[in-house]
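Please look through the following chain with its fold in view, and keep both at hand while reading the report below.

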Amino acid sequence: MKTFKILLPLTLALAVAQTAWALPNIKVLATGGTIAGAQAAQSDAGYKSGTFSVNDLIKAVPQLTNVAVLSGEQVANIGSQTMNHEVWLKLAKRVNEVLADRDVDGVVITHGTDTMEETAYFLSLVVKSDKPVVLVGSMRPATAISADGPINLYNGVALAANPEAKGRGPLVILNDTIHYAREAQKMHTTRMDTFQSPNRGIAGMMNTGKAFFYSMNTTRHNTKSEFSVDGKSTNDLPRVEIVYSYANLGGDMIDALVEKGVKGIVLAGVGDGNTTDAALAALEKAAKKGVAVVRCSRTGAGVVDRNVEINDDKLGFIAGMELSAQKARILLMLGLMQTDDTKKLQQYFMEY
């Protein structure tokens with residue numbers, strides 16, 4: 001009986017400890033954005049991004065303590081319209097370092113929505129872990145009436161803490177909707193459902209913090225990616241620019257980019273990645289000078305396949321397949337760090 005009285009408190013203590021241990025360890029890396037923004041007045045449409053710190057964001061959602069053991073870190077505090085290569089490299093390095101820690105189960109990145117899809121896709125190519133990485137933002141600043149940041153952050157942490165999110169690559173969560181990094185696109189300036197996955201559909205949905213996945217990510221990403229930015233600086237990233245096609249587009253802009261020494265040009269073409277005769281002639285000249293040329297579409301969805309409407313084999317172009325121009329730029333930039341062979345670069349666009 002005496003032994004039982006001694007063991008009972010110990011058993012209860014162990015049970016409590018095991019409950020605490022069961023909560024996953026999630027690291028929140030903050031970069032700023034609308035989710036950390038503040039208005040001068042709630043009636044204002046304008047606001048200043050990156051006003052609040054990562055700790056402010058976490059404290060604003062006390063329910064997070066029921067989901068995970070959290071720690072926060074401020075990587076940057078900017079509006080994502082000013083996102084740049086320096087922050088990308090810093091963020092990728094930190095994500096890789098954090099996920100290499102055996103005690104960390106996942107990462108949540110708070111980010112502005114303007115370039116969130118680009119950051120997510122970049123990370124999908126250079127993060128070397130299968131642990132969950134979730135990017136979360138908001139369409140309304142933290143001071144707004146009915147701000148969406150708190151619920152989005154809650155869903156983001158719950159998603160990163162979910163073992164089913166492992167191996168899917170970086171995920172984007174807003175408005176209860178889960179998107180794969182490769183598929184996500186911001187499609188509206190202000191609406192809460194601004195993010196869509198127009199080509200392959202959404203990855204899943206969140207409902208009261210629970211994830212329901214609809215599909216797997218079948219393209220190469222993370223541990224299956226051959227790209228790396230370890231030890232790289234911004235000077236190591238080749239310059240790749242985007243040319244937007246429109247009626248009567250000439251070749252002057254393309255010629256100027258070639259003269260500036262760009263290594264790659266992505267065409268945001270009309271329809272199926274097409275453009276004017278003058279622009280095509282300039283792009284052909286660029287390709288002959290060793291500039292990698294990728295054809296994409298400005299329409300926002302669909303496949304730009306090889307040799308459809310334009311003879312890519314003859315002109316030395318690369319077909320962008322399903323990638324938007326902004327994501328094609330990222331893949332081409334990383335691809336050019338590996339090779340300048342057009343056939344190999346085309347293979348990247350088929351696989352990633």
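## Arg306 and its surroundings

In which loop is the place of Arg306? In this model, which is predicted, Arg306 lies in the loop that runs between β13 (292-297) and α8 (312-315). Because its relative accessibility is 21%, and buried is reserved for values under 20%, Arg306 counts as partly exposed.

When its neighbours within four places in sequence are left aside, Arg306 is in contact with Asp312, Asp313, Phe317, Ile318, Ala319, Gln346 and Met350. One of these partners, Gln346, is 40 residues from Arg306 in sequence, and the two C-alpha atoms are 9.2 Å apart in space.

## Overall form

The protein has 10 helices and 14 strands, and its C-alpha trace spans about 90 × 50 × 35 Å along the principal axes. For 352 residues a compact globule would be expected to have a radius of gyration near 20 Å, and the 23 Å found for the protein agrees with this.

Of the 352 residues in the protein, 51% are buried, while the exposed area comes to about 16300 Å², with carbon and sulfur atoms supplying 52% of it. Among the contacts with a separation of 6 or more, 71% are between residues 24 or more positions apart. As for charge, the protein has 36 positive and 35 negative charges, and the mean positions of these two sets are 6 Å apart.

## The nonpolar cores

Which residues touch the most other members of the largest nonpolar core? This core holds 56 residues, and the ones that touch the most other members are Ile109, Phe122, Leu125, Leu331, Leu332 and Phe349. Leu125, when residues up to four places away in sequence are not counted, touches Ser225, Phe227, Ile330, Leu331, Leu334 and Tyr352. Apart from the largest core lies another core, which has 30 residues and includes Val54, Ala158, Leu159 and Ala160.

## Thr110 and Met83

Thr110 has its place in strand β3 (residues 106-110), and because its relative accessibility is 1%, Thr110 counts as buried. Leaving aside neighbours within four places in sequence, the residues in contact with Thr110 are Val28, Leu29, Ala30, Thr31, Gly32, Ile35, Leu57, Val136 and Leu153. For Thr110 and Lys59, the separation is 51 residues in sequence and 14 Å in space, taken from C-alpha to C-alpha.

Met83 is placed in the loop between β2 (69-78) and α3 (85-99), and with a relative accessibility of 15% Met83 counts as buried. Outside the four places on either side in sequence, Met83 is in contact with Thr31, Ile78, Trp88, His111, Thr115 and Thr119; Thr31 is also among the residues in contact with Thr110. Met83 and Glu118 are 35 residues apart in sequence, with their C-alpha atoms 9.5 Å apart in space.

## Two residues with positive phi

Most residues other than glycine have a negative phi. Against that background, Ser146 has a positive phi of about 60 degrees, and Asn222 has a positive phi of about 50 degrees, although neither is a glycine.

Is Ser146 buried or exposed? Ser146, found in the loop between β4 (133-136) and α5 (149-160), counts as exposed because its relative accessibility is 53%, where exposed requires a value over 50%. Asn222, by contrast, is found in the loop between β10 (210-213) and β11 (240-244), and Asn222 is buried, with a relative accessible area of 2%.

## Gln196 in a strand

Gln196 is found in strand β8 (residues 195-196), and at 33% relative accessibility Gln196 counts as partly exposed. Not counting residues up to four places away in sequence, Gln196 touches His179, Glu183, Ala184, Gln185 and Met187. Gln196 and Ile178 are 18 residues apart in sequence, and the distance between them in space, C-alpha to C-alpha, is 9.4 Å.

Key: Residues numbered from 1 in each chain as written. Predicted model: local features only at pLDDT ≥ 70, side-chain atom pairs only at ≥ 80, totals over all residues. Heavy atoms only, no water. Helix = DSSP H or I, 4+ residues; strand = E, 2+ residues; numbered from the N terminus. Rg over C-alpha atoms; globule rule 2.2 N^0.38 Å. Buried < 20%, exposed > 50% of the residue type's maximum accessible area, 1.4 Å probe, protein only. Contact = heavy atoms within 4.5 Å. Areas by Shrake-Rupley, 256 points an atom, 1.4 Å probe, with all protein chains shown as cover. Lys, Arg positive; Asp, Glu negative; His and termini not counted. Charge placed at Lys NZ, Arg CZ, Asp CG, Glu CD. Core = buried A, V, L, I, M, F, W, Y, C linked by side-chain atoms within 4.5 Å.
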